[in-house]
Amino acid sequence: MTNKPISFDASKPLDFVAVGRLCIDLNANEINRPMEETVTFTQYVGGSPANICIGMSRLGLKTAFIGKVADDQMGRFITGYLEREGIDTSGVTVDRTGAVTGLAFTEIKSPTDCSILMYRDNVADLKLEAGEVREELIAGAKLLLISGTALAKSPSREAVFQALDYAKRHRAVIAFDLDYRPYTWTSDEETAAYYNLAAEKCHIIIGTREEFDMMERLGGNPTRDDHITAAKWFQHSAGIVIIKHGKDGSIAYTDDGASHRARSFPAKVVKTFGAGDSYAAGFLYGLMQGWDIPASMEFGSAAACIVISSHSCSDAMPKAPQVHDYIERCLKGEIAGTSS
Ligand SMILES: Nc1ncnc2c1ncn2[C@@H]1O[C@H](COP(=O)(O)OP(=O)(O)O)[C@@H](O)[C@H]1O
Ligand SMILES: O=C(O)C[C@@H](O)[C@H](O)C(=O)COP(=O)(O)O
């Protein structure tokens, strides 16, 4: 399926380890109205890599997380939730500098008009140090996931590169969810430079068209051609590059010259965020089951529909039978999407 084989070492005890941000989502309870008119929010664990890790754990994989939380009630809420989900938190350290938990307030004006208001000054997740990345967790894992936001600042940036080095040393497959959050970065040039440096080391790269556009500001792809985007990464470590297009589906390119297009399934959309994280969890899970790329994309696309039809991201991550059932019901025409 790829020239650079993506093979998961079955002798390793852990399926999946994610490194990066552990945060809080505060999702508006009064939906379909602006934030100015919202008075109550529900607290969930958030942060893209946390959501993906929770998704993988719900799907039945053995998972661990490497990150840093604030020394406060929110930090303990996050760690407690991960533990109850069966995620190994021995790689989650606690900040002692007075840093705070990153917050994402979500505004759900309509199913298609959603935005996020981030509070990310002095956040604990970006304080993770390279020396705190536990080599044995990565050595024991089949798959490492990194996410781009952790590259925004030191020392978290160096921690990600340390994790990448360990993964290479211990032959873990590396997936990169680009997870580009502009408000975390200060300069476009710096953003593109670090994203590109990290992406060169990764075997599977997943991002939206806009995220790849941000990386390509350093080199020409004026027509925003997905094929040109993917081809660049095959000159480095990547065997699979996935470019996501929201409701229009996604396309996976492999380094043997093939491409696979996945349509999205119908969904009764409550809000759009969480689609990418659940898609990544479903897709990576499929690959780890030994499924081919189209089957893995289909599973990711259905997992995304389940999450965007729910109020939360992390808490709505489905179990495998729910996803299979969703696909079956779509194929039978039992699920109609929203018109938007
Ligand atoms: N409105 C939608 N209806 C059905 N599926 C969707 C919708 N939006 C996203 N998806 C699914 O989720 C996947 C990832 O969504 P996308 O919006 O591209 O990523 P992100 O959330 O990272 O921006 C898509 O490829 C598609 O399968
Ligand atoms: O990543 C964050 O900090 C916020 C997430 O927890 C949030 O729920 C979200 O935006 C998910 O993003 P997506 O899956 O890329 O849509």
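Author: Helices and strands here are DSSP runs, a helix with at least four residues and a strand with at least two, numbered from the N terminus. Asparagine 122 is found outside such runs, in the loop between E7 and helix H3 (135-139). The model is predicted.

Reader: What makes asparagine 122 worth a remark?

Author: Its phi is near 50°. That is a positive value in a residue other than glycine.

Reader: Which peptide bond is cis, and where is its proline?

Author: The bond from serine 154 to proline 155 is cis, with omega near 5°. Proline 155 has its place in the loop between strand E8 (141-147) and helix H4 (156-169).

Reader: How confident is the predictor in the chain?

Author: On a scale from 0 to 100, the mean pLDDT of the protein chain is 95. A value of 70 or more is reached by 99% of its residues. For the complex, the predictor gives an ipTM of 0.97 and a pTM of 0.97.

Reader: How many residues surround ligand 1, and which are the closest?

Author: There are 17. The closest are Lys244, Gly246, Phe265, Gly276 and Ala304. Each residue of the shell counts because one of its heavy atoms lies within 4 Å of the ligand.

Reader: Why is the pair between lysine 244 and ligand 1 called a polar contact?

Author: The cut-off is 3.5 Å between N or O atoms. A polar side-chain atom of lysine 244 lies 2.9 Å from an oxygen atom of ligand 1, so the pair qualifies. Glycine 246 offers a polar backbone atom 2.7 Å from an oxygen atom of the ligand. For a polar backbone atom of glycine 276, the distance to an oxygen atom of ligand 1 is 2.9 Å. Alone, ligand 1 has 560 Å² of accessible area, and the protein covers 84% of that. Helix H8 (275-288) and helix H9 (293-308) are the elements that give two or more residues to this shell. The largest share, four residues, comes from H9.

Reader: What kinds of residue make up the shell around ligand 1?

Author: Seven are nonpolar, eight polar and two charged. Gly counts as polar, so Gly246 and Gly276 belong to the polar group.

Reader: How do you know that glycine 276 is in polar contact with ligand 2?

Author: One of its backbone N or O atoms lies 3.2 Å from an oxygen atom of ligand 2. The limit is 3.5 Å, so the pair counts. Glycine 274 has a backbone N or O atom 2.8 Å from an oxygen atom of ligand 2. For aspartate 277, the value is 2.9 Å, again from a backbone N or O atom to an oxygen atom of the ligand. The protein covers 89% of the 410 Å² of accessible area that ligand 2 has on its own.

Reader: Which elements supply the shell around ligand 2?

Author: Helix H1 (48-58), strand E7 (113-119) and H8 each supply at least two residues. H8 gives the most, with three. In total, 15 residues surround ligand 2, with Arg21, Asp25, Gly47, Gly274 and Asp277 the closest.

Reader: What lines the second largest pocket?

Author: Its lining includes His260, Phe265, Met297 and Leu331. Strand E13 (259-262), H9 and helix H10 (320-331) each give two or more residues to the lining. About 220 Å³ of space lies in this pocket. The lining divides into seven nonpolar, two polar and three charged residues. Glu298 is in the lining, and Glu counts as charged, so it is one of the three.

Notes. Residues numbered from 1 in each chain as written. Chains lettered and ligands numbered in written order. Predicted model: local features only at pLDDT ≥ 70, side-chain atom pairs only at ≥ 80, totals over all residues. Heavy atoms only, no water. Polar contact = N/O pair within 3.5 Å; in protein donor to acceptor, adjacent residues only side chain to side chain. Areas by Shrake-Rupley, 256 points an atom, 1.4 Å probe, with all protein chains shown as cover. 1 Å grid on protein atoms, 1.4 Å probe; cavity = no way out; pocket = protein on both sides within 12 Å on 5 of 7 lines; lining within 4 Å. Points joined across faces, edges and corners; volume = space filled by probe spheres on them.
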